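Visitor: Please take a close look at one part of this model, the second largest cavity and the aromatic rings around there. What lines the cavity, and how are the rings arranged?

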Amino acid sequence: MTNHQEKFSVEGIKFSHRDQVELIEIDNPFAKATITTMGGSVLSFIPKGQKEVLWVSNNAIYDGSKPVRGGVPVCWPWFGPGKQPGLPAHGFVRSMVWSIEKAVHMDTGVTRVLLGCESNEETLAQWPYAFSLKLCIEVGESLTLTLTSANLSDESVEITEALHTYFAVANPVGMQITGFEGSTHLDKLNENAEAEIEKEIVVLNPPKDSVYLNQSETVTIVDADNNRRIMIEKRNSQSSVVWNPGPETVKGFADIDDQAWLEFACVESGNVLDNSFTLASKAEHMLSVKYQVKPL
């Protein structure tokens, strides 16, 4: 097991394990955060003097057999079901152990951690393209995630992707989410529903599984009972997804308590469905999202 504490002797960073999962714990002048190399996922972000921004299930599994439920899973190189039977939903990188490539405490007080993963025999069996994926995580007054995809193969590839963020909210029922006006709404819970242009502020009444295409504006979660707004500022993201399983669907998740749907809302940023992108051979693509908390 790599001794990351010796390799990255960085102010405000310590390394630990929970069961079989490695944790990177950050405590700097602006915030506390926890990252895991399992799936390259951020599990916690707490700005100083404020409440937790991210949600992780109390029933999450840390034995390395599956992604930790909650935080910010990375969905890549596809979002949703695989094209062939047996392929994992939301791609395979959220089930890979990522490497720690850099950990830096910057002069500004911000902490920057760079994680990476790349193609191997197992990924090539599922998706026959060589790739390199980097996730730069910056922890300061805000949390910024930058995902860089590099196509190392000799042909162009089509990719869909998302940062599947679980936000800790006081009450998702009736919660307002702004920024989707003018985007194309697809209701994934109604197979017969036609795509329509979203004209109003979205009100979350679970269950909900909605995709908003051609949506690049800043999204705001109005977490009223916590007296805060969570701002989601995006770059190179043309899609957002809003998901909460509600009281019935949640029963199908072994790693989510039956009542826990009342504790979170997923607002995901990326490029999904018709907003897929083609990455040329040897080219790179960057997706960046900044999460910031402001009082109501």
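Guide: Rings of Phe, Tyr and Trp, the last by its six-membered ring, count as a pair if their centres lie within 6.5 Å. The model is predicted, and by this criterion it holds 15 aromatic pairs. One of them joins Trp76 and Phe131, with 4.8 Å from centre to centre and 55° between the planes, a tilted arrangement. Trp76 belongs to the loop between strand S5 (74-75) and strand S6 (99-105), while Phe131 belongs to strand S8 (residues 131-139), so this pair ties together parts that are 55 residues apart in sequence.

Both partners can be classed by accessibility, where buried means under 20% relative accessible area. Trp76 has a relative accessible area of 1%, so Trp76 is buried. Phe131 is also at 1% relative accessibility and therefore counts as buried. A further pair is formed by Trp127 and Tyr129: the ring centres are 4.9 Å apart and the planes stand at 70°, which means that the pair is edge-to-face, since that class begins over 60 degrees. Trp127 and Tyr129 are both buried.

These four residues belong to a wider group. Ring pairs link Trp76, Trp78, Phe92, Trp127, Tyr129 and Phe131 into a cluster.

Now the cavity itself. The search of the whole structure finds two cavities of 30 Å³ or more, and the second largest has a volume of about 40 Å³. Its lining consists of Trp76, Trp127, Tyr129, Ala130, Phe131, Ala150, Asn151, Val157, Ile159 and Leu279. Two elements give two or more residues to this lining, namely strand S9 (143-151) and strand S10 (157-159). By residue class the lining of the second largest cavity divides into nine nonpolar, one polar and no charged. Asn151 is the polar one, because Asn falls outside both the nonpolar and the charged lists. Both aromatic pairs described above, Trp76 with Phe131 and Trp127 with Tyr129, have their residues in this lining.

For reference, the largest cavity also has a volume of about 40 Å³. Its lining includes Thr36, Met38, Leu43, Pro67, Val74 and Arg94, and the full set divides into six nonpolar, three polar and one charged. Arg94 is the charged residue there, because Arg is classed as charged.

Conventions
Residues numbered from 1 in each chain as written. Predicted model: local features only at pLDDT ≥ 70, side-chain atom pairs only at ≥ 80, totals over all residues. Heavy atoms only, no water. 1 Å grid on protein atoms, 1.4 Å probe; cavity = no way out; pocket = protein on both sides within 12 Å on 5 of 7 lines; lining within 4 Å. Points joined across faces, edges and corners; volume = space filled by probe spheres on them. Helix = DSSP H or I, 4+ residues; strand = E, 2+ residues; numbered from the N terminus. Phe/Tyr/Trp six-rings, centres within 6.5 Å; stacked < 30°, edge-to-face > 60°. Buried < 20%, exposed > 50% of the residue type's maximum accessible area, 1.4 Å probe, protein only.
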